[in-house]
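Please read the sequence alongside the coordinates, and keep both in view while the description moves from the backbone framework to the charged side chains and then to the ligand.

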Amino acid sequence: MSYEYERVATPVSGLRLHLNENTAGCSPAVIEALRTLTREQIAEYPDYEAVIEATAARLHTAADSLLLTNGLDEGILVASMVALRANTGDGEGIVVVPAFDMYAACTDALGGRVIQVPLGDNFAFPVERLIDAITPSTRIVWLTDPNNPTGQSIPREAIVGVATAASHAIVFVDEAYADFRGRTLIGDSLLRQHANVVVGRTFAKAYGLAGIRAGVVIGDPVTIARLRRVAPPYGLNVCAAAAMPPAFRDRAYYDWYVDQVAQSREVLYAGFERLGVRYWKSDANFVLARFEGRGPAIASALAGRGVHVRDRSNDPGCEGCLRVTAGVVEHTRRFLAALEAVL
Ligand SMILES: Cc1ncc(COP(=O)(O)O)c(C=O)c1O
């Protein structure tokens, strides 16, 4: 079986609710900072001191506990490289499915065997089956909290159980959507007690920096040093390094956007209920809804009206499901009007 990232068509116009992007755009302070970049700064390799300090302060962690990456995608790749570099052919990466494609793609690309553990009924986290799947060959366990595409969070004690059972492996907790739930493992004693656990974060979502590519991996300084050893030295580009500190300083924008997402989720729940559509409450900036056999047809009818959502019908357990980004409330209302017309 081959695993690869499923590239979705990128529409040139319309309402993009298919990639969990920030639908408002980044903070205006980011654009101001980018305008001040000089020709020399573009010509030189970036200096990371200021952006490392700003990120550490924003995430309430220490500079030696973090590695800045070219989007969280690069953090996933680097963690896979560290986990599988000494692979003698038997290394395994465990993925709880449905999941973000990059975990299996990177595990597979680096010669690891992908072990899939499906979520339980109603997308319940399969802690016992996951622990049973851990073997001496396990090199990395991929967790997403909250999960993409279901939006469900993982109970903290389940992460502790996995971290303990896989103490010989890296446990990668992808917190790409944690801004929208308001809970994180960063600063949690779990990270101090389990040096094998690392947390991945992206600034693509709540900060609206997806196009500039900005992510970070946080963990025990010794584990992060292992990642730093194989990470490209200039993964974060100079525009990202310039954009992040002003994005972090603009707390009003961040708070406003996180609140828009929270309101949009409620608007979606109410809309789906009114239309008789099954959905799952989400801790992230998207909601998964089931349209039975009509999922793909509804996605293309919506696209015909310029509203792009993600068809997740082919994901395990997600038959007939579409994933809709919850962003600016006005955009969510436009989606619901289009859905109503299509239904
Ligand atoms: C669960 C998860 N992890 C990581 C990423 C990638 O983040 P980035 O854009 O920072 O590479 C995404 C993007 O959608 C995601 O859904």
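The paragraphs below take up the sheet, the helices that lie across it, the salt bridges and the surroundings of the ligand.

This is a predicted model, and its description can begin with an open sheet of 7 strands, in which the pairing is mixed and the order is S2-S8-S7-S6-S5-S3-S4. The edges are formed by strand S2, residues 66–69, and strand S4, residues 113–118, each of which pairs on one side only. Averaged over the sheet and with direction ignored, neighbouring strands are turned by 20° against each other. In general, strands of a sheet pair through backbone hydrogen bonds, in either a parallel or an antiparallel arrangement. Strand S7 (residues 197–202) and strand S8 (residues 215–219) run antiparallel and are joined by 5 bridges, and Arg-201 stands opposite Val-216 in S8.

Two helices can be placed with respect to these strands. Helix H4, which spans residues 71–84, lies across S2, strand S5 (138–144), strand S6 (170–174), S7 and S8, and runs at about 170° to S6. Helix H5, residues 101–109, lies across strand S3 (92–97), S4, S5 and S6, and its direction is at about 165° to S5.

The charged side chains add a further set of links. Side chains of opposite charge can pair when their charged atoms come close. A search of the whole structure finds 12 salt bridges, and one of them is formed by the side chains of Glu-92 and Arg-113, with an N to O distance of 2.8 Å. This pair links distant parts of the chain, since Glu-92 belongs to strand S3 and Arg-113 to strand S4, 21 residues apart. Are the two partners buried or exposed? Glu-92 counts as buried because its relative accessibility is 8%, whereas Arg-113, with a relative accessible area of 52%, is exposed.

Another salt bridge is formed by Arg-156 and Asp-188, whose closest N and O atoms are 2.6 Å apart. Arg-156 lies in helix H7 (residues 156–165) and Asp-188 in the loop between S6 and helix H8 (189–193), so this salt bridge ties together parts that are 32 residues apart in sequence. Arg-156 has a relative accessibility of 32% and therefore counts as partly exposed, while Asp-188, at 16%, counts as buried.

Arg-201, already met opposite Val-216, also has a side chain that meets that of Asp-179 in a salt bridge, at 3.3 Å from N to O. Here, too, distant parts of the chain are linked, with Arg-201 in strand S7 and Asp-179 in the loop between S6 and H8, 22 residues apart. Both Arg-201 and Asp-179 are buried. Elsewhere, Asp-145, Arg-181 and Arg-183 are joined into one network by salt bridges that share partners.

The last part of the picture is the ligand, which is surrounded by 14 residues, the closest being Leu-72, Asp-174, Tyr-177, Thr-202 and Arg-213. Which atoms of Leu-72 and Asn-148 face an oxygen atom of the ligand? For Leu-72, a polar backbone atom is 2.7 Å from a ligand oxygen, whereas for Asn-148 an N or O atom in the side chain is 2.9 Å from an oxygen atom of the ligand. Asp-174 contributes a polar side-chain atom that lies 2.5 Å from a nitrogen atom of the ligand.

How values were computed:
Residues are numbered from 1 along each chain as its sequence is written. This is a predicted model: local features need pLDDT of at least 70, side-chain atom pairs count only at pLDDT 80 or more; totals for chains, interfaces and linings use all residues. Side-chain values use heavy atoms; hydrogens and water are left out. Two strands pair if DSSP finds at least two bridges between them. Helices (H or I, at least four residues) and strands (E, at least two) are DSSP runs, numbered from the N terminus. Axes are lines fitted to C-alpha atoms, for helices over the stretch in contact, and angles run from 0 to 180 degrees between N-to-C directions. Contact means heavy atoms within 4.5 Å. A salt bridge is a side-chain nitrogen of Lys or Arg within 4 Å of a carboxyl oxygen of Asp or Glu. Buried means under 20% relative accessible area, exposed over 50%, partly exposed in between (1.4 Å probe, protein chains only). A residue is near a molecule or strand if one of its heavy atoms lies within 4 Å of it. A polar contact is a pair of N or O atoms within 3.5 Å; within protein, one must be able to donate a hydrogen and the other to accept it, and residues adjacent in sequence count only if both atoms are side-chain atoms.
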